[in-house]
Amino acid sequence: MEFPKDKYAWTVTVGTKGQIVIPKEAREVFDIQPGDHLILLGDTQRGIAIPPKETFDFWFTQALGKEAHK
């Protein structure tokens with residue numbers, strides 16, 4: 001299956017401890033390095049998303065308010 005430019009899809013397996021492994025190609029595309037902190041967003045209607053790490057401050061502020069991020 002061919003995806004549009006800059007669109008990707010991967011499958012992962014959830015382990016017994018609830019952990020997933022981010023596929024190597026995904027880590028390379030999004031420059032995810034060991035020790036990086038990611039934010040996991042969830043919506044019961046729309047699902048789960050892991051936005052780019054460069055947007056962490058934006059999403060943190062959206063979720064917890066400006067006072068929470070100092």
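**Exercise A. D6 and its charged partner**

Decide whether D6 is buried or exposed, and then identify the residue with which D6 forms a salt bridge.

*Solution.* D6 has a relative accessibility of 54% and therefore counts as exposed, given that buried means under 20% relative accessible area, exposed over 50% and partly exposed in between (1.4 Å probe, protein chains only). The structure is a predicted model, in which local features need pLDDT of at least 70 and side-chain atom pairs count only at pLDDT 80 or more, whereas totals for chains, interfaces and linings use all residues. Residues are numbered from 1 along each chain as its sequence is written, and side-chain values use heavy atoms, with hydrogens and water left out.

Next, consider the partner. Side chains of opposite charge can pair when their charged atoms come close. A salt bridge requires a side-chain nitrogen of Lys or Arg within 4 Å of a carboxyl oxygen of Asp or Glu. D6 meets this criterion with K5, since the closest N and O atoms are 3.5 Å apart. K5 is likewise exposed, at 71% relative accessible area.

**Exercise B. The other salt bridges**

State how many salt bridges the rule yields, and locate the pairs K24 with E28 and D36 with K53.

*Solution.* The count is three salt bridges. In the pair K24 and E28, the closest N and O atoms are separated by 3.7 Å. Both residues belong to helix 1 (residues 24-29), where they are four residues apart, about one turn of the helix; helices (H or I, at least four residues) and strands (E, at least two) are DSSP runs numbered from the N terminus. K24 and E28 are exposed.

Turn now to D36 and K53, whose side chains meet at 2.7 Å, N to O. D36 sits in the loop between helix 1 and strand 1 (41-43), and K53 in the loop between strand 2 (47-49) and helix 2 (56-64), so this pair ties together parts that are 17 residues apart in sequence. D36 is partly exposed at 29% relative accessible area, and K53 is partly exposed at 25%.

**Exercise C. The aromatic residues**

Find the number of aromatic pairs in the whole structure, and classify the pairs that Y8 forms with W10 and F30.

*Solution.* The search finds four aromatic pairs. The ring centres of Y8 and W10 are 5.3 Å apart and their planes lie at 5°, so this pair is stacked. The rule takes rings of Phe, Tyr and Trp (its six-membered ring) with centres within 6.5 Å; planes under 30 degrees apart count as stacked, over 60 as edge-to-face and the rest as tilted. Y8 is partly exposed at 41% relative accessibility, as is W10 at 32%.

For Y8 and F30, the values are 6.2 Å centre to centre and 75° between the planes, an edge-to-face pair. This pair links distant parts of the chain, 22 residues apart: Y8 lies in the segment before helix 1 and F30 in the loop between helix 1 and strand 1. F30 is partly exposed, at 39%. Taken together, Y8, W10 and F30 form one aromatic cluster.

**Exercise D. The surroundings of V21**

Establish where V21 is found and which residues V21 is in contact with, leaving aside neighbours within four places in sequence.

*Solution.* V21 is located in the segment before helix 1 and is exposed, with a relative accessible area of 62%. With those neighbours set aside, V21 is in contact (heavy atoms within 4.5 Å) with V12 and R27.
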